[in-house]
Amino acid sequence: MAWIFSWRTGREAGLSPRLSNLVAYRTGFSYQLLEKPEDGETLAASLFLSLYRKDVTAGPISNPGAARADDDVGNGLDLSIGWKPAHDLTVGVQAGWFEPGDAFVTRDTSRTIFTSVTYSY
């Protein structure tokens, strides 16, 4: 099991222009559900909570919906499950939830589910 806390600001992310004027605080954990099986099968899950704030309250961010002069951009929750049943096959499910903060004019919560299957040969 791993516990992770990270901090990122748009000023330090020169190659990520979408992070302009945005500070992201993230914390979460990742857990390996299958402990080093002999056949190579793995199963892992992770959960992360993110808090997004404007660095300059009156400044814009890349999403034009956050037009209000408030530093509360919103909160997010990310869940990921990855299963590798064989050395050449990976299956993943990721779910994300974002609740806009007071900086947004319209505060509609968004949800996303993404699935993937990768076969390597």
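Which strand is Leu79 found in? Leu79 sits in strand E4, and the close-ups below start from there. Keep in mind that this is a predicted model.

**View 1. Leu79 and the nonpolar surface patch.** Leu79 comes out as partly exposed because its relative accessible area is 39%, and the bracket for that label runs between 20% and 50%. It has company: Tyr25, Leu47, Leu49, Leu51, Leu77, Leu79, Ile81, Val93 and Ile113 make a nonpolar surface patch of about 710 Å². Strands E3 and E4 (72-86) are the elements that give two or more residues to this patch.

**View 2. Ala45 and what it touches.** Ala45 has its place in strand E3, which covers residues 42-54. Look across to Gly82: 37 residues separate it from Ala45 in sequence, yet their C-alpha atoms are 6.4 Å apart in space. Setting aside residues up to four places away in sequence, Ala45 touches Phe29, Ser30, Tyr31 and Leu33, and also Ser80 and Ile81.

**View 3. The aromatic cluster.** There are two aromatic pairs in the structure. In one of them, the ring centres of Phe98 and Phe104 are 6.1 Å apart and the planes meet at 70°, so this pair is edge-to-face; the label calls for an angle over 60 degrees. Add Tyr52 to the picture, and ring pairs link Tyr52, Phe98 and Phe104 into a cluster. Phe104 counts as buried because its relative accessibility is 8%, while Phe98, at 21%, counts as partly exposed. The cut-off for buried is under 20%.

**View 4. Tyr52 and the largest nonpolar core.** Nine residues make up the largest nonpolar core: Leu19, Leu22, Ala24, Tyr52, Ile61, Ala66, Val73, Ala103 and Phe104. Nonpolar side chains tend to be buried together in soluble globular proteins. Now zoom in on Tyr52. Neighbours within four places in sequence aside, Tyr52 is in contact with Leu22, Val23, Ala24 and Arg26, with Asp71, Asp72, Val73, Gly74 and Gly76, and with Phe98. Among these contacts, Leu22, Ala24 and Val73 are also listed in the core.

**View 5. Asn21 in its loop.** Asn21 is found in the loop between strand E1 (2-9) and strand E2 (22-32). Check the backbone here: phi of Asn21 is near 60°, a positive value in a residue other than glycine. Is Asn21 buried or exposed? Asn21 is buried, since its relative accessible area is 14%.

Conventions:
Residues numbered from 1 in each chain as written. Predicted model: local features only at pLDDT ≥ 70, side-chain atom pairs only at ≥ 80, totals over all residues. Heavy atoms only, no water. Phe/Tyr/Trp six-rings, centres within 6.5 Å; stacked < 30°, edge-to-face > 60°. Buried < 20%, exposed > 50% of the residue type's maximum accessible area, 1.4 Å probe, protein only. Helix = DSSP H or I, 4+ residues; strand = E, 2+ residues; numbered from the N terminus. Contact = heavy atoms within 4.5 Å. Core = buried A, V, L, I, M, F, W, Y, C linked by side-chain atoms within 4.5 Å. Patch = residues over 30% accessible without salt bridge, like charges linked within 9 Å, V, L, I, M, F, W, Y side chains within 5 Å. Areas by Shrake-Rupley, 256 points an atom, 1.4 Å probe, with all protein chains shown as cover. Salt bridge = Lys/Arg side-chain N within 4 Å of Asp/Glu carboxyl O.
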